[in-house]
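Biologist: Hello! I have never looked at this structure before; could you walk me through some of its features?

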Amino acid sequence: MAGVTPSPAEAGKPANPAPQSAGGEGGKEEDPEKKKKREEKAREKELKKQKAAEKAEAAKKAEAAKASAPLSKKAEQKAKKAAAAVDDADAVDPPTVPGERKRLAPEMAKSYNPKAVEASWYEWWEKSGFFTADPESKKPPFVIVVPPPNVTGALHIGHGLTGAVEDTIVRWRRMSGYNTLWVPGVDHAGIATQVVVEKNIMKERKQTRHDLGREKFVAEVHKWKDQYGGQICKQYRRLGASLDWSRECFTLDETRTKAVIEAFVRLHKEGLIYRDNRLGNWDCVLRTAISDIEVDYVELKGRTMRQVPGYEKPVEFGAITSFAYPLEGGEGEIVVATTRPETMLGDTAVAVHPEDERYKHLHGKFVIHPFQNRRIPIVCDDVLVDMAFGTGAVKITPAHDPNDFEVGKRHNLEFINIFTDDGLINSNGGKPYAGMKRFDARVAVVKDLETKGLFRGVADNAMRLGICSRSNDVIEPMIKPQWYVNCKDMAKEACDAVRDGRLEIVPNQFEDTWFRWLENIRDWCISRQLWWGHRVPAWYVTVEDDARTEMGAYPDHWVVARNEAEAEIAAKEKYPGKTFKLEQDPDVLDTWFSSGLFPFSVLGWPGETPDMKAFYPTSVLETGHDILFFWVARMVMLGLKLTGVSPFKQVFLHAMVRDAHGRKMSKSLGNVIDPLEVINGVTLEELHKRLEQGNLDAREVEKAKAGQKADFPDGIAECGADALRFALVAYTAQAVNINLDILRVVGYRQWCNKLWNVIRFAMTNLGSDFVPSATIQPSSLPLSCQWILSVLNKAIEKTVTGLENFQFSDATSALHSWWLYELCDVFIEVIKPTMFGNDEAAKKATRDTLWLCLDTGLRMLHPFMPYLTEELWQRLPQQEGSQPKLTICLAEYPAVNQEWANEEAEAQMELINAVAKATRTLRMAYELQPKLRPELYVMCRTEEVAKVVKRGASEIATLCLCSSVKVLEEGSDAPLGCAVAVVDENTTVNLLLRNVVDAEKEIERLQKKRVDLIRQQDALAKKTSIAGYAEKVPLAVQEENHTKAAKLAAELQTVEEATANFEMLRISS
């Protein structure tokens, strides 16, 4: 019967704190958990009896039927199927009440089924409180906050990587004795969420947010959040993430809103938040300012037509247009060039270099605007103007270009905004352009310049075009009054924190990026013209005697407060005795502002909560390197400023997940993968259906479907959470980008099956009455047992070192290598003769070692593969005299044990494995079937080698399927008819094949195969040498023929090598 098993180190130790008691005391009422286990045992014992009776009855009926009349083939198959069903029933887990400990079937299924294995465990873990942190605990704290995913929809595979890596860290620390806290949360994602909901409303109702109004629209977004926020949490649970759900938060909930308001008020009070009229990125579709992270840049080599939202026809970009400004007084002209001709409607200067001899006579003079008849000054600017570029004269539009904005400030120019918020030309653009769309005005302006004889040509111009990642609109630089954070001093402190060791960035290659960004930081625009988000806690005060009453008319009429009541008090103090009206700023704060407070707002800041005292600062921040500045740096700046310490001690930056071709994950490419689609499996049709239900337009849907069909023609196979997690963590070796190949995940799913079968073998061969010894003496064990413990010890060291240093791929490699290549491929094989033999002492020692390996190996693997390890660990028998842990989650993580270290045993087994490997290579060369067991003679040229081979003869014979292993000393000859292979300078293997294989017969068979291969080669060569083959035959067919030719050549080489081997054998015989 299965039991719960602790490690050897846990025997006699009290269990980690958990909601249930791990043991009872004499004289007291029986512990409920033990009582439940005893009842489960009784039920399972009864079930076993019942199944055995059914099986016996089925066999009896089959025998009776067989005796009375011979069965037809169909009836015989039916009888076998019925008997197999009885057997399989023993391996089907009985139903488990949700939240209770999983009930396991008496027998293990014949193969691994991720869906069955991963059922029921998470509900039990969560309900039992295994993931809940205790602020009163005396254990050292280990704290991580999850990077809150956007509430806009489901998690993608990038979130899967984050969850897998963080859960690996957290589970390892929990098992290592830490009071772990991993805080879950989701981000309200201002722009992203508003865009998605707006698209959804337009798609379903043909309405805009303005049709609904602010209040109703925000209510719609809350509905969306409730629907998809819950889906994200379900995905995390399915992934096995051991998050403390009792502390789940949302960046727009009451506690986080309080923190945002408090931070804004404090920073404003210190003069670090201010309001100013500045140039920023403007999205004319969304009608809001956007941050730099939301701008994607497209590289254009020259004139390119691109589709722009709101325009029926494509718009041309990547062209530079030259035109002339006439000089005042008819004294000539000055030629300028621009990639945005429409902005000339807002030009307020022409700049030249003060040292440019061509224009010195124009210093201080003016040009005349051809459409508005305005006088435009010619200014000298040696900062912006490059005399060698173009004509050396530059048009200046301070209100719509970042460089021109600075020129405008230097020369006190007029700032003329020519665009409305939705990208139309406003009245400042003049007739006939007012009311035109900006890119329609571009065409009109060029045409009118041609009419006036001022057009001087157009040419290709390589450029970077800024595109909003949310709306695909072309970004327009616009001047708007916004709220800003002065980051200069906070950025310096964040740099100092890295330099003086208060904060460590891993990998350290990103330190240069950190310093480059923060040492060149600009003030941060934190206001957005949206409806979804934290409303700016600022009120505009309109005083009774103000000449202008529109909101924002007077920049000094703002008050900042925690609520309207405080704003009222502040306004009264600012305007004593005056009548005034308060109106809150309709703008909301940048999502990154609330996210920047996340590591301490989730713990209750600004309150002095038990969680803040126990868990702040946090331990590690794990996230993608793409948001090092946009999120990580801002958390550090705000944390240092508002709490006095860095919000975490270490930052680990993982690689970005791309598809197998190295492409960025994109909905329009159809390569975005939901982790659940890998875990549960999905058909191509289901992938297509998901696209149709999304917000892509019809053209994008068809493009994405084509991408899915190319990448996943058969859909995605069911892999399970454990295989996906292990693959993602293993992929972290790719430091900057991860090119995710789903086939690699499938490979790890097959490895899970290998692990399943190892435990199944063990459970069968340990026996139902096996009780592991309380202690084990390594020096008294057989060689193979000493060796497996020694290499296990090294695997533990490599795994722990990898985890400590964030080298997760090193850890997964050590685990995978030990389980697959050392435990499964070698140890399990070499112990079979002992396990099936009659030496009870050796059998007991081997069983104890096997149990110790499985217990330790499963605990070592658990942080990476929580479901499978829990299921298998629960099946292991209990150690003698142990106090069991309820779950592997709380079991002790393995540590290096010096008693297991044995370099001598490792060296001896290395030689034994080398001999076995060389012998297996010979078997393959001579195509020996497994049932053939020839004799092996090993030439040993030193006494030491001979001693090792003699000691490991049984292991060698088992590993290479030989009937016997005999040592030949220097000077002795091997029998005639041996195949020979050199292991090293001191060792040669001789595999006796005389009377085992018929060399003549094999040569004859291979010669026939050779003739057939040559015939195929000739036919293919004839097909590919016909006239016009390269021009007329499709490339795909040519590629297929090329592959076939290479395959035939390889097969022919193999046949010729095998023939040569048998020729040698014939000669030696």
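Modeller: Gladly; what follows is a short round of questions and answers about a model that is predicted.

Biologist: Let's begin with enclosed space. How many cavities of 30 Å³ or more does the structure hold?

Modeller: Rolling a probe the size of a water molecule over the atoms shows where empty space is left. With a cut-off of 30 Å³ or more, the number of cavities in this structure is three.

Biologist: Which element gives the largest share of the lining of the second largest cavity?

Modeller: That cavity holds about 40 Å³ of space. Its lining includes Gly185, Val186, Ile232, Cys233 and Tyr236. Two elements give two or more residues each, namely β3 (185–186) and α8 (214–239). The largest share, three residues, comes from α8.

Biologist: And by class, how many residues of that lining are nonpolar?

Modeller: Among the lining residues are Pro184, Trp245, Glu248 and Cys249. By class, one residue of the lining is charged and one is polar, while the nonpolar residues number seven.

Biologist: Now for the sheets. Why is one side of β31 and of β32 left without a neighbour in the four-stranded sheet?

Modeller: This open sheet runs in the order β31-β30-β33-β32, and its pairing is mixed. β31 (964–969) and β32 (978–984) stand at the edges, so one side of each has no neighbour, because each has a single partner strand. From one strand to the next, the twist averages 25°.

Biologist: Which residue of β33 is the bridge partner of Cys978?

Modeller: β32 pairs with β33 (residues 987–992) in the antiparallel sense, over six bridges. In β33, the partner of Cys978 is Leu992.

Biologist: Which helix packs on this sheet with its direction at about 170° to that of β31?

Modeller: Helix α29 (residues 903–925) packs on the sheet and touches β30 (935–940), β32 and β33, but the angle given for α29 is about 40°, with the direction of β33. Another helix, residues 943–951, touches β30, β31 and β33, and its direction makes about 170° with that of β31: this is α30.

Biologist: In the open sheet of three strands, which residue of β11 does Ser322 stand opposite?

Modeller: The order there is β11-β10-β16, with antiparallel pairing. The edge strands, β11 (333–338) and β16 (455–460), each pair on one side only, and the twist averages 20° from one strand to the next. β10 (residues 319–326) and β11 are joined over six bridges. Opposite Ser322 in β11 stands Ala337.

Biologist: How far apart are the end C-alpha atoms of residues 989–1023?

Modeller: An unreviewed UniProt entry annotates residues 989–1023 as "coiled-coil region". In the model, this span is 71% helix and 11% strand, and its end C-alpha atoms are separated by 46 Å.

Biologist: Which residue is joined to Pro617 by a cis peptide bond?

Modeller: Pro617 is found in the loop between α17 (610–615) and β26 (618–624). Omega of the cis bond is about 0°, and the residue joined to Pro617 is Tyr616. A cis bond also joins Val506 and Pro507, with omega of about -5°.

Biologist: One more, about backbone angles: what is the phi of Glu927?

Modeller: Glu927 is found in the loop between α29 and β30. Ser120, which is not a glycine, has a positive phi of about 75°. Glu927 is likewise a residue other than glycine with a positive phi, and the value is near 55°.

Key
Residues are numbered from 1 along each chain as its sequence is written. This is a predicted model: local features need pLDDT of at least 70, side-chain atom pairs count only at pLDDT 80 or more; totals for chains, interfaces and linings use all residues. Side-chain values use heavy atoms; hydrogens and water are left out. On a 1 Å grid over the protein atoms alone, a cavity is a set of points where a 1.4 Å probe fits but cannot get out, and a pocket is an open set with protein on both sides within 12 Å along at least five of seven lines; lining residues have an atom within 4 Å of a point. Grid points are joined across faces, edges and corners, and a volume is the space filled by probe spheres set on the points. Ala, Val, Leu, Ile, Met, Phe, Trp, Tyr, Cys and Pro count as nonpolar, Asp, Glu, Lys and Arg as charged, and the others, Gly among them, as polar. Two strands pair if DSSP finds at least two bridges between them. Axes are lines fitted to C-alpha atoms, for helices over the stretch in contact, and angles run from 0 to 180 degrees between N-to-C directions. Contact means heavy atoms within 4.5 Å. UniProt positions are given in the numbering used here, feature names are shortened, and annotations may be inferred rather than shown by experiment.
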